[in-house]
Structure formats: C-alpha cells, structure tokens
Amino acid sequence: MNKINYLRKVWTEKYEAKDLAAAAKIGEVLLDEHWHNENIHAKGYANDLFNLACVYDELGDLERAAELYSDSANRLVGENLSGSERLQYSMRINSLATTLIRLGVKEPALFMLGSVAAGLHSEDKNNPLYADALYNLGNASAETGFKKEAIRYHLDALKIRENEGHIEDIIHSLHSLAFIYEAMDDYGEAISYAETAMSYAVTDDHGYARAVNYLASLYEGALKYEKAFPLYDRVLEIAEKEVGREHSAYLNVALRRANLLALLDRHEEALSAHEEIRVVFARVSGKKHIFYANCLRGMAMLHKTLNHPDEAEALILEAMKIRRNIFEDITLDITFLIRLHLQESNPTKALEALIYALMCSGSDSPSFPELLNILVEVFSKTEMPDTMGFLDSMEVLNDKEKLRPIIAKWTEWEEKE
C-alpha cells in the first residue's frame, strides 16, 4: 500500500468515527502528498479535495470548505466529460454554492445553482439529483428575496420527490415551502404545507418531533393557541424519552408551552410550569444564565397579571441583575419594572427605575427615548390625580443632590449578592 492509499484509509476511519478534527489534519497531509508526488492531475486528487471540503463543511470552516469545493470542481472541467463526471461536477458546484450562501455570498451562488439545475435537467428532469438542485435553488432564491421563484422551484422539486417516494426529502420540501409562506406572514398556506408534512412523518422517526414542533409554532403564530398546545405536549413526551427533562431541547419547548399557557389565560398553571423549568435549569446550568433570567421574567409577568406586585418586583430585579452581570440588554426588564410601579400608583419608584436605566446606558442610549416615552405614556393612562406632581418629579433627572441617594441605592443593590 503506497502512502496516499494509506492516508486515505486512515482518513476514512477518522471520518466514519466522526473524529472530524483528525480527519481534517490527515486530509491536509494527503493533499500535500499529492503535490509532493506531482499527482495533482489524477482523478483521485479531485475526490480527495471534495472529501476534505465536506469535513471542513461539517466543522464549520466554511471558507476553507468553499475553497476546496471550488478546487475539486475545477479539476473536472473539460469538454469531454463522461456522464458520471458531469454529474460529479454538478454535485460539487452545488456544494460550493450552498456553502457560499451560508457565507452570505448569495447572488453568485444563485447563478451557480441555476446552472447546475439546467445541466441536470438536460440529463434527466426526473432525476432525484435534479430535484435536489431545484430544492437548493429554491432555498437560495428565498435567501436572496425571490420568494415567488423559490416557491416554483420547491414545488417542482416536491413533484419529483413525491414520485420517488423518499419521505424525508418530501418533508424537507414541504417545510421549505412552509418557511417561505411563514416569512410572507401567510400562515394559512404555511400551516397547510406543515400539516401535509406531518401526514408523511413517521411517529418513531428522529425528525418527527421537529415536524410537530414546527407545526405547533405556526399554530401559535397564527394565534391558534388551542391547536398548538397539545402539539407542544407531544413534543415534550418525545423529548423526555430521547434526551431527558434536563436537556436544553426539552427545556426550550417547556418554556414555550409555559408561555402558551399564559396566552390561554391559564396563569396559575403557567406560573407552576415556569417554576418547574426554573428549578431544573438552576440545577443544570446555574442561576447566572440568560435562560434562567428569561424564566424569571416570565414568572414576573405572571405575578403582575395575578396582582402579586411584590413577587413580580423581586423576580424582575433578579432577572435584571443576571443580565447586567453578563452584559445583556435590560431594556425589557426595566420597562416591565416601570410599568409595574405605575400600575401600583407609585411614580417615585417608576422614576427610580428610569434613573437606573440611565445609570446603565446614559441619556444618549437608543433605549432612553423609548423608556421615557413608556414612562409618560403609561402614567397618562393611570388614574393618579397628581399629574403635575409626577411631571415635576421628573426634574430629579437634573438635580444632582436628589439623584445621589437614588444612585447610591441602585449601586448598593448591584453589589449585593
């Protein structure tokens, strides 16, 4: 066995074992060996280029993947390509184009995919590879804003795939059509395609939960909460069996279900669901994570709805502190706090919350006008009689002596564990 064949053997072992980092290193050595032996014009070199490109693609190094996809395709360019070689060339250009789309280079990729589709159509318009080319062309067209064209390409791909009977590909096409209509805010069409995809999905298939989850999200987007809710329950059943209740996939869906309970006005149940998620997440990832802060904010909103202002304030303050410590935006939390205090007819505390927002961002922050408008807007809708007294209190913003104790209070709150 010569060195090139040995390296290919080792590369195959590493790739099949999903040791991608090792496969990439061995692949680079293999390419160097081709150059060292002046073997770069052999057909095997083009295949090795393509295989290594696939590795970098999976590793997320898209620039290197695109470079190698391009080189592997260029090695096949010629006037006398056989049918199988033309097919290989199309597949490599297709891989290059889809990688370019992921890199944000959309227009050239769209042109490449169009050329691939045209070439495959001339070979055999019922070829599954032609359907794949149309599918990729549809995705690229949607990415570049040509949604009507994207729909046409996906429908053509779907027709071929239905004739072939490959269920997974059919579902991908149906979901791509649903994605486009969802982006166009046409939830009726999006739901129709997603429901059709569900009719193809097999309950014990790995992608079944994703199909159910997506349909649930469409029902929710269309405000059909009663239809969405049982689907989220089904997704959670599957996720619990596959990954357990402490996995992020389970917790993300559980949080969406909890939020949906609130939209269904089942506030006590929603609060209980949020609390269960919070406890699990605190155990799994600790209390300094953005997801934990989101749980707290959801619970605060529910306590506000249930007229538990003290509990709501404590939770939103805890969420704010987490976001501040991990340098996340606190605008939504501080806005909630202002609204809460104004609802409780406490303009002084609402103003203190605004001052804290200014401490964090400054009056030149993009969020400052929004916060100030919310403060005035929400106050104007309350039934507090002393409107002028409240507006006069806004002068505190220009009074350093009055600001000092408020700032000291917030500083002490920030430092307190």
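The crossing of helices α13 and α14 is left-handed in this predicted model. Helix α13 (residues 248-263) packs against helix α14 (residues 267-285) at an angle of about 160°, and their axes lie 7 Å apart. Since angles over 145 degrees count as roughly antiparallel, α13 and α14 are therefore roughly antiparallel to each other. On the α13 side, the contact is made by L251, A254, L255, R257, A258, N259, L261 and A262, while α14 contributes H267, E269, A270, A273, H274, I277, V280 and F281.

A second element, helix α9, spans residues 167-183 and has 17 residues, reaching 24 Å from its first C-alpha to its last, which is close to the 24 Å expected at 1.5 Å a residue. Its buried residues include I170, I171, L174, L177 and I180, together with S173, H175, S176, A178 and Y181. The buried residues of α9 pack against four helices, listed here with their residue ranges.

| Helix packed against by α9 | Residues |
|---|---|
| α7 | 128-143 |
| α8 | 147-164 |
| α10 | 187-200 |
| α11 | 208-221 |

Just after α9, D185 takes a positive phi of about 60°.

Turning to the protein overall, the model contains 21 helices and zero strands, and buried residues make up 45% of its 417 residues. Among contacts between residues at least 6 apart in sequence, 54% join residues at least 24 apart. The protein exposes about 22300 Å², of which carbon and sulfur atoms supply 51%.

How values were computed
Residues numbered from 1 in each chain as written. Predicted model: local features only at pLDDT ≥ 70, side-chain atom pairs only at ≥ 80, totals over all residues. Heavy atoms only, no water. Helix = DSSP H or I, 4+ residues; strand = E, 2+ residues; numbered from the N terminus. Expected span 1.5 Å × (residues − 1). Buried < 20%, exposed > 50% of the residue type's maximum accessible area, 1.4 Å probe, protein only. Contact = heavy atoms within 4.5 Å. Areas by Shrake-Rupley, 256 points an atom, 1.4 Å probe, with all protein chains shown as cover. Axes fitted to C-alpha atoms, helices over the stretch in contact; angles between N-to-C directions. Parallel < 35°, antiparallel > 145°, perpendicular 65-115°, else oblique. Left-handed = near helix turned anticlockwise from the far one by under 90°.
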